[in-house]
Amino acid sequence: RRVSMVRTQIRRILEGLEVSNAGLARALGVSRQALYNWLNGDLPKESHQSRLNSLSRAYDVLLPIDMLRHAALTQPMNSGQSFWQLVQAGADAETLAHEIKASHHKRSQQRSLVAERTAEKRARGTLANILSNDLG
């Protein structure tokens with residue numbers, strides 16, 4: 001049962017976070033062979049299982065975000081390193097996912113505000129044109 005859960009968890013991370021087997025192995029600090037062994041029935045050490053759990057929770061955080069997760073996870077964060085680089089260095093994936101989600105939300109709000117202001121300026125410009133045509 002636990003073997004099946006680990007296998008499902010790894011596949012979910014690979015597909016959902018759009019990472020290659022080699023990339024996931026690198027982020028976990030293991031060989032590709034170790035990852036393949038886990039997919040084929042071996043169980044990871046507790047420390048690796050903990051990191052898999054964190055990556056799985058990160059996927060849950062990022063799932064509802066309407067964006068390309070791959071792009072968000074490979075672009076530099078505030079620290080100048082990508083999500084995957086930070087995970088490889090030992091950062092908690094779930095915490096990083098919350099940071100990405102917050103940043104995405106902030107950028108989305110900023111885009112909406114810019115769109116609103118642009119629409120208001122266009123409306124004022126259109127109204128000014130109408131008034132000048134009526135008066136002229």
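Reader: How many residues of each class line the second largest pocket?
Author: In this predicted model, the lining has three nonpolar, seven polar and two charged residues. Nonpolar covers Ala, Val, Leu, Ile, Met, Phe, Trp, Tyr, Cys and Pro, charged covers Asp, Glu, Lys and Arg, and the others, Gly among them, count as polar. Therefore, of the residues nearest the centre, V19 and W84 are nonpolar, G23 and T74 polar, and R26 charged.

Reader: Which elements give two or more residues to that lining, and how much space lies in the second largest pocket?
Author: The elements are α2, α5 (69-74) and α6 (83-88), each helix being a DSSP run (H or I, at least four residues). The space is about 160 Å³, and the lining comprises twelve residues.

Reader: Why is α2 called roughly perpendicular to α3?
Author: Helix α2 (residues 21-28) and helix α3 (residues 32-39) pack at an angle of about 105°, with axes 8 Å apart. Roughly perpendicular means 65 to 115 degrees, so α2 is roughly perpendicular to α3.

Reader: Which residues form the contact of α2 with α3?
Author: N21, A22, L24, A25 and L28 in α2 meet R32, L35, Y36, W38 and L39 in α3, where contact means heavy atoms within 4.5 Å. By class, the contact has eight nonpolar, one polar and one charged residues.

Reader: Where is confidence lowest, and where is it highest?
Author: Mean pLDDT (the predictor's confidence in each residue, from 0 to 100) is lowest in α5, at 76, and highest in α3, at 97. The protein averages 87, and 93% of the residues score at least 70. Local features need pLDDT of at least 70 and side-chain atom pairs 80 or more, whereas totals for chains, interfaces and linings use all residues. Residues are numbered from 1 along each chain as its sequence is written, and side-chain values use heavy atoms, without hydrogens and water.

Methods:
Axes are lines fitted to C-alpha atoms, for helices over the stretch in contact, and angles run from 0 to 180 degrees between N-to-C directions. Angles under 35 degrees count as roughly parallel, over 145 as roughly antiparallel, 65 to 115 as roughly perpendicular and the rest as oblique. On a 1 Å grid over the protein atoms alone, a cavity is a set of points where a 1.4 Å probe fits but cannot get out, and a pocket is an open set with protein on both sides within 12 Å along at least five of seven lines; lining residues have an atom within 4 Å of a point. Grid points are joined across faces, edges and corners, and a volume is the space filled by probe spheres set on the points.
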